[in-house]
Amino acid sequence: MQKRLESAIYERIAGGQEGTAMKRLGILTGGGDAPGLNAVIRAVVKTATLRHEYEVLGIKDGFDGLLNEDGVEKLTAASVRGILPQGGTILGTANRGNPFAREVEVDGEIVIKDVSDQVVKRINELELECLIVVGGDGTLNISRELSEKGCPVVGVPKTIDNDIGGTDVTFGFDTAVSTATEAIDKLHTTAESHHRVMVLELMGRDAGFIALHAGVSGGADVILIPEIPFRYEAICAKILARRDSGRHFSIIAAAEGAKAVGGEKIYREEKSEAFAGRLGGIGAQVAEHVMISCNIESRVTVLGHLQRGGSPTTFDRWLSTRYGGAAVRAARAKRYGVMVALRGTDIVEVPLEEALAVPKRVDTEGDAIVTARAMGISFGD
Ligand code: F6P
């Protein structure tokens, strides 16, 4: 019954409806998931349908939903009920779904193809007045390219990495930092009991925000971030100085993108035209070096996707809700090609091109680093 109902809705959507005054917004979530995605979806749907005269279509699994037959579903206030505190995304997401460089099978072989025209066609078929795209730099760059092709899009900045230039903060980051800080707290007790060095490898891609914020908040002794290449001797010097002063354990927070001076980032899966690559392995390497060079027992914990899961913090629910409401306002006013952003305490709109021009990285001269250094935290440099 439910299936029949869904396909009836789908047919009506796909065919358009003559004489209807109803305007239509689309929303999709792309790239890696982050806590707060559902809160954005809820805010968009509630604002657009309760307050305004819109119908909202959810696009499933990122841009893939615009290329698949059954990739669209109607969202109502009822369908977003109860999702505010839930992690993940009710729409699904994909991080290999770039329509400008999509992996497709041709004669049994995988080739890279630009299928963006199909996406544009589908947006027109669905009669979307605007497509709200919730994503990180990859997804928002696709949106920028679609916008350049004339598609009406509004972006919402999502990523636990917090690496999008146009905004002070992306949603998802605060929850990830809370999870990482809690992990450091837990590692402290076992590190102290066993007189060990505990290395915690954290996500963040090419930015060190998660490791820096969680490292400082959790009281790590060494923080390794991509923005400050490290030397193993400096890490060992810090650990041995602690041991000599009677502190027989240490905590190292290592961003997955951290690298030694003159070294390379470590990838589990290499980059390709259609894929941004998958970092991982630096934690184990640092633990190994510490064990050998400092002669202190070391262990590594890779926190991994726990950082992307769970219920969003209050701050992320607050930010996601404000972003969702602001995205609908931009769409209603036909201000396309922009990304909603947080600047100070205000939500603003920034042209996608400007927002994505320079990715955000940790300011190595900024007050957070200065304060951390003054408190004796080593960055391994
Ligand atoms: O961009 C978010 C992120 O979680 C990064 O911190 C991490 O490097 C990457 O995604 C992991 O991606 P995947 O889920 O494909 O392993």
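These are my notes on a few things I looked up in this structure, which is a predicted model.

**Entry 1: cysteines**

I started with the sulfur atoms. How many disulfides does the count come to? The count comes to one disulfide. Cys236 and Cys294 form it, with their sulfur atoms 2.5 Å apart. That distance still fits, because the cut-off for a disulfide is within 2.5 Å.

Next I checked where the two partners sit. Cys236 belongs to helix H7 (residues 232–244) and Cys294 to helix H8 (residues 282–294), so the pair ties together parts that are 58 residues apart in sequence. I also looked up the handedness: the angle about the S-S bond is -110°, and the link of Cys236 and Cys294 is left-handed. Are Cys236 and Cys294 buried or exposed? Both are buried.

Then I turned to Cys130 and Cys151. Why is there no bond from Cys130 to Cys151? The closest cysteine sulfur to that of Cys130 is in Cys151, and at 10 Å it is too far for a bond. Cys151 is in no disulfide either, with the sulfur of Cys130 as its nearest cysteine sulfur, 10 Å away. I noted their surroundings too: Cys130 is buried at a relative accessible area of 0%, and Cys151 counts as buried at 6%.

**Entry 2: helix H3**

I went through helix H3 (residues 116–125) residue by residue. Which residues of helix H3 are buried? I wrote down Ser116, Val119, Val120, Arg122 and Ile123. Looking down the axis of H3, I found these buried residues within an arc of 160°, so they line one face of the helix. A reminder to myself: an α-helix has 3.6 residues a turn, so residues three or four places apart point the same way. On the other side of H3, I listed Asp117, Lys121 and Asn124 as exposed. Just after H3 comes Glu127, and its phi is positive, about 55°.

**Entry 3: the ligand**

Which residues surround the ligand? My list reads Asn95, Ile160, Asp161, Met203, Gly204, Arg205, Glu256, Arg278, His305 and Arg308. I sorted this shell by character and got two nonpolar, three polar and five charged residues.

Then I looked at single contacts with oxygen atoms of the ligand. For Asp161, a side-chain N or O atom is 2.7 Å from a ligand oxygen. For Glu256, a polar side-chain atom lies 2.5 Å from an oxygen of the ligand. For Arg205, the distance from a polar side-chain atom to a ligand oxygen is 3.5 Å. How much of the ligand does the protein bury? Taken alone, the ligand exposes 400 Å², and the protein buries 86% of that.

**Entry 4: Arg205 and Lys334**

I came back to Arg205, since I had just met it beside the ligand. Where does Arg205 lie? I found it in the loop between strand S8 (197–202) and helix H6 (209–218). Its phi is near 55°, a positive value in a residue other than glycine. Is Arg205 buried or partly exposed? Arg205 is partly exposed, with a relative accessible area of 32%.

Last, I looked up Lys334. Phi of Lys334 is near 60°, again positive in a residue other than glycine. Lys334 has its place in the loop between helix H9 (314–332) and strand S14 (338–343).

Technical notes:
Residues numbered from 1 in each chain as written. Predicted model: local features only at pLDDT ≥ 70, side-chain atom pairs only at ≥ 80, totals over all residues. Heavy atoms only, no water. Helix = DSSP H or I, 4+ residues; strand = E, 2+ residues; numbered from the N terminus. Buried < 20%, exposed > 50% of the residue type's maximum accessible area, 1.4 Å probe, protein only. Arc of directions from axis to C-beta. Near = heavy atom within 4 Å. Polar contact = N/O pair within 3.5 Å; in protein donor to acceptor, adjacent residues only side chain to side chain. Areas by Shrake-Rupley, 256 points an atom, 1.4 Å probe, with all protein chains shown as cover. Nonpolar A, V, L, I, M, F, W, Y, C, P; charged D, E, K, R; others polar.
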